[in-house]
Every structure is written in C-alpha cells, then in structure tokens.
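Dear colleague,

Please find below the structure that I am passing on to you, together with its sequence. My findings follow directly after it.

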Amino acid sequence: MAQPALRIDDVSHAFGARTALDRVSLTVPAGSFTALLGLNGAGKTTLFSLVTRLHDSTSGTIQIFDFDVRREAPAALSRLGIVFQARTLDLDLSVRQSLLYHAALHGIGRRLAHERAAQVLKQFALADRIDDKVRNLSGGQMRRLEIARALLHDPALLLLDEPTVGLDVEARQGLIREVRRLVAEEGRGILWATHLLDEIEMSDRLVVLHKGRVLTQGSVQDVLAQTGTPDLQTAFLNLVNASGATAVGQEPAE
Ligand SMILES: Nc1ncnc2c1ncn2[C@@H]1O[C@H](COP(=O)(O)OP(=O)(O)OP(=O)(O)O)[C@@H](O)[C@H]1O
C-alpha cells in the first residue's frame, strides 16, 4: 500500500481521570478525502491536538508520511497544515500581514511568501481583499483565509476541525467544494472532522469516532456493506447503538 498521509496507531489520551481517546488507530491515505465523523465529545479535537503536538501523546504512535511526530517533528509537521475549530486569526492584521507572518513562522523567504500568498488568495477568491483588515471579512471569508494560510507551506496533508460550523448554507457548500478540489486537483490528503452526515460523499473514506473509540473505518461503501444499511445515517446510528454503554469520555463510575 502507498505510504499513508497520516497513520495513527494505538493512541490513547486522558485528561485526568477522563479518557478522551482509547486505543485509536486510523489512517488517512495520501490524496484521499477522509471524513472523521463523531458527535460532540467524540474526541476529534483531542486527536487533532495530538497530531499537531499541542498535547503530547503518551501512548501509541502518530506518523505523517512515515515521519514520527515526536521523534521527527520538523519533517512530520512541515508536511501538515491545520485549521482549528476555533478561529485563530488576528483581527487587527491585514489579510496580507496574516499570511506573511505565518509564512515567516514556516521559514519561507519573503519573495516566495509573497508569491505563495498571491496564489492561495486567488485560489480562495480573496485576492481583492489582500489589503483589508481581517475583522472586515465575513465569517466564510475568514474560514477561507484560514485554509489559505494553512496551505502556504504547501503541505500534503491538511486537517480541518469542523470547518463549516457557523457558516451559512452557501458559504458551507463553497468551502466544501474548495477543499474537495484540493484533493481532486492537487492530490492533498484531507482529514475533515464533522458531525454532519451531509458533508460526506459516497466516494469518501470514513472514520467513525465515538466516545474516544474508532467504531469503524473504510470507504463509505464498505461501512454500509459492513452494517447492512442503505444509508449513512442508519449505519452511524447502528454503530453507535451497538457500541454499548462502555463509557469512555466520561468520569469512571465509583
Ligand atoms: N482540556 C480538557 N480538559 C478536560 N477534558 C477535556 C479537555 N479537552 C477535551 N476534554 C474532554 O475530552 C472528551 C473529548 O473532547 P473533544 O473536544 O476532543 O471532542 P470533539 O469530538 O472535538 O467534540 P466537539 O465536537 O464538541 O468539539 C470530552 O469528554 C471532553 O469533555
């Protein structure tokens, strides 16, 4: 099998007595759109924090294109772009300043930074806003700017944590279309965390995370076949119900 963009093996994480992730293993094949489907509290954000090393993983391994995020952090993280659920833009900077500052953090030289900034702004239909303050952008434009910023260093793997939250229908559809284009036209691997079933297509790869555990993963077709269900909603509900009441993501009972 080709080298996966992201490979997580047997990773667990707890906040004090609260288990957030329980022996999670998953892969994001290079060049795939992989949906990480889970309800609130499933552990999606915790998983992203471990991949980016905001939290240190205490067990298991995480590899980006075969580079271990703990032992080979620079090589691993240089191949990773991320858009967090909460906005991380400085509202007082201009669009241009936001991108150039971020490019500098990645060690991209000034000339290349200007070139890349122009490219990604064009790609995300923000070229005419380059001199505007971030605070004057709409919610959808801010999200697009965050994705553009995450692509400045040309990562082959992009993680997005519930990126459409708070966007109207049109902005949401436009964003999904743009991200799918990153897969189809640029061959990037995407891990798209969501709790919205209608953001997932039949051709996607799917990982179902529930209360800190991976319940299943594979192509959407595989998951439907495996659960013997005609649609994703029924498949998801069956998987969640069958997972029983073994309560990870909750305080242990006395
Ligand atoms: N810093 C923290 N301290 C304590 N518990 C935490 C912390 N961060 C997350 N948790 C707990 O870990 C579990 C997983 O939370 P996480 O935010 O990763 O889920 P999520 O799938 O991203 O949910 P959401 O869609 O609501 O953002 C939850 O039980 C949550 O309460």
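In this predicted model, R111, L112 and K122 are exposed on one side of helix 4. The other side of that helix presents a contrasting set: A113, R116, A117, V120 and L121 are buried. These five residues lie on the same side of helix 4 because they cover an arc of only 130 degrees around the axis. Their packing partners are helix 3 (95–105) and helix 5 (139–150).

As to its geometry, helix 4 runs through residues 110–123, 14 residues in all. From its first C-alpha to its last, helix 4 reaches 20 Å, close to the 20 Å expected at 1.5 Å a residue. Just after the helix, A125 takes a positive phi of about 55 degrees.

Turning to the overall organisation, the protein is divided into two parts: domain 1 (1–79 + 155–248) and domain 2 (88–154). Their C-alpha centres lie 26 Å apart. At the boundary, ten residues of domain 1 are in contact with nine residues of domain 2. Helix 6 (residues 169–184) supplies four residues to the side of domain 1 that touches domain 2, the largest share of that side.

The nonpolar interior also deserves your attention. The largest nonpolar core holds 65 residues, and the members that touch the most others are L37 and W192. This core draws on both domains, with at least three residues from each of domain 1 and domain 2. In soluble globular proteins, nonpolar side chains tend to be buried together.

Which residues are in contact with W192, leaving aside its neighbours within four places in sequence? They are F33, T34, A35, L36, L160 and V179.

Finally, I would draw your attention to the ligand. Twelve residues surround the ligand, and F15, A20, N40, T45 and T46 come nearest. Two elements give two or more residues each to this shell, namely strand 2 (18–28) and helix 1 (44–51). The largest share comes from helix 1, which contributes three residues.

When you open the model, you may wish to begin with helix 4, where the buried residues A113, R116, A117, V120 and L121 can be viewed against the exposed R111, L112 and K122. The core residues L37 and W192 could then be followed by the shell around the ligand, to which helix 1 gives three residues.

With kind regards

Terms used. Residues numbered from 1 in each chain as written. Predicted model: local features only at pLDDT ≥ 70, side-chain atom pairs only at ≥ 80, totals over all residues. Core = buried A, V, L, I, M, F, W, Y, C linked by C-beta atoms within 7 Å. Buried ≥ 20, exposed ≤ 12 C-beta atoms within 10 Å, placed from the backbone. Domains from an automatic or database assignment. Contact = placed C-beta atoms within 7 Å. Expected span 1.5 Å × (residues − 1). Arc of directions from axis to C-beta. Near = placed C-beta within 6 Å.
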